[in-house]
Amino acid sequence: MKPDKLAIELLRPEIKRPTAWSIPKVLRALEPDGLGGDVDTTTVFLTGAECPFRCSMCDLWQYTSPGNTPVGAIPFQLDQVLKQERSNGRRWLKLYNASNFFDSRSIPTEDLKSIAEHCSPFERVIVENHPRFCDDRMASFSKAIPGQLEVAMGLETIHPNAIEIMNKGMSLADFDRAVAKCQSLNIDVRVFVLLHPPGVDRKESVDWTWKTVAYAMERQVRHISIIPLRAGNGWIDRMIKSEEYQLPTVAMIRELYQSFSRSEIGSAGVASPGNTTVEFDLWDFENWQGGCPQCRESLGKHIARCNRELRILSLGETEIRCECTV
Ligand code: SF4
């Protein structure tokens, strides 16, 4: 089942990709601060060079531009959307470039100073990065911004077969080294964990998601986002078509919440994950597989409540009344 880099590229759908001189999309939302409150968080979706890795499940290349990012393009994009920003209460900033923030092909080193200046109104700055790019540039950038740097990395799964199939170019030892390096530099860590990556038996998948969350929690990361795997990158689409793989469904997401109490974390008597914020990513929840619009909506509300309260509540604790059978 393991695809190679070429096969992953050849199966990508034809799309028109943005340029590095596009005006970035911006999202403003409240995010749990891990202390029982919410913070006004601005996410800027930057466009630049593609990540050099070819994870079999990744659809982020669609939001990148061909070739290396030209010097000046990222400050140009930030000028368009952050020029008016002032330090005004607690504000967080996510700079997401659909690649690796500390890869100079994606974010030119010459631009880091100007980017750091754009970060000055923000209390916390969150960037995405592959564990193998946690280098000296990360340490310098952390010193250059007045706020707290947080580096978001994809652990994805600790299931051995799924790690192979994912083609991530990273071992668990690489991940552990990157987390330790961030923590030694006083940089917070955010981790992405997938629900049901290919290569995990469907019946065991929810358990493996909780095992992966527990692995990240043991490393004392600040935040964990659980993300249901999406279609749209070509290789996954082909696997679905050939019936070798099925996306996670609403039923599986429900099972995730129902099974927390018997998971490694829940059965240890941890009612909520303590110092680590664990949230389920609600992006695109209207398009989750299975269920009806009503049950997707009620499940979405349940998850939003859990995200807000920093607790993993089983479904019986909310009003989910859906007649459909998923
Ligand atoms: S490392 Fe991240 S951005 Fe790069 S291919 Fe994998 S998932 Fe996509």
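**Exercise 1. The ligand shell.** By class, how many nonpolar, polar and charged residues does the shell around the ligand have?

Solution. Since the model is a predicted one, the assignment rests on computed positions. Begin with the residues around the ligand, which are Cys51, Phe53, Arg54, Cys55, Cys58, Leu60, Ser99, His130, Gly154 and Lys168. Sorting this shell by class then gives five nonpolar, three polar and two charged residues.

**Exercise 2. The sheet.** Determine in what order the eight strands form the open sheet, and which strands lie at the edges.

Solution. The eight strands follow the order 1-2-3-4-5-6-7-8 in an open sheet, and their pairing is mixed. The edges are strand 1 (25-32) and strand 8 (277-280), each of which pairs on one side only. From one strand to the next, the twist averages 25 degrees.

Two of the pairings can then be examined in detail. Strand 4 (residues 124-128) pairs with strand 5 in the parallel sense over five bridges, and within this pairing Val127 has Val151 of strand 5 as its bridge partner. Strand 6 (residues 188-195) and strand 7 (residues 223-228) also run parallel, joined by six bridges, and here Val191 has Ile224 of strand 7 as its bridge partner.

**Exercise 3. The nonpolar core.** Identify the residues with the most contacts inside the largest nonpolar core, and trace the surroundings of Val151.

Solution. The largest nonpolar core has 77 residues, and those with the most contacts inside it are Val125, Val151, Val191, Val193, Val213, Ala216 and Ile224. Helix 7 (residues 205-218) supplies the largest share of this core, namely six residues.

Turning to Val151, and leaving aside residues up to four places away in sequence, one finds that Val151 touches Val127, Asn129, Cys134, Met138, Cys182, Ile187 and Val189. One of these, Val127, is also the residue whose bridge partner in strand 5 is Val151. Strand 5 itself is mostly covered, with seven of its nine residues buried. Across strand 5 (148-156) and strand 6 lies helix 6 (residues 172-184), which runs at about 170 degrees to strand 5.

**Exercise 4. Helix 9.** Establish which residues of helix 9 are buried and what covers them.

Solution. In helix 9 (residues 250-258), the buried residues are Val250, Met252, Ile253, Arg254, Leu256 and Tyr257. Their cover includes strand 6, helix 7, strand 7 and helix 10.

**Exercise 5. Positive phi in two loops.** Locate Asn186 and Asp284, and decide whether Asn186 is buried or exposed and whether Asp284 is buried or exposed.

Solution. As background, most residues other than glycine have a negative phi. Asn186, although not a glycine, has a positive phi of about 65 degrees, and its place is the loop between helix 6 and strand 6. Because Asn186 has 11 C-beta neighbours inside 10 Å, it counts as exposed; the cut-off for this class is 12 or fewer.

Asp284, likewise a residue other than glycine, has a positive phi near 70 degrees and is found in the loop between strand 8 and helix 10. Asp284 is exposed because 10 other C-beta atoms lie within 10 Å.

**Exercise 6. Arg308.** Place Arg308 in its helix, and explain why Arg308 counts as partly exposed.

Solution. Arg308 belongs to helix 10 (residues 293-309). It has 14 C-beta neighbours inside 10 Å, and therefore counts as partly exposed. A final step sets Arg308 against Pro24: the two are 284 residues apart in sequence, while their C-alpha atoms are 27 Å apart in space.

Terms used:
Residues numbered from 1 in each chain as written. Predicted model: local features only at pLDDT ≥ 70, side-chain atom pairs only at ≥ 80, totals over all residues. Core = buried A, V, L, I, M, F, W, Y, C linked by C-beta atoms within 7 Å. Buried ≥ 20, exposed ≤ 12 C-beta atoms within 10 Å, placed from the backbone. Helix = DSSP H or I, 4+ residues; strand = E, 2+ residues; numbered from the N terminus. Contact = placed C-beta atoms within 7 Å. Near = placed C-beta within 6 Å. Nonpolar A, V, L, I, M, F, W, Y, C, P; charged D, E, K, R; others polar. Pairing = 2+ DSSP bridges. Axes fitted to C-alpha atoms, helices over the stretch in contact; angles between N-to-C directions.
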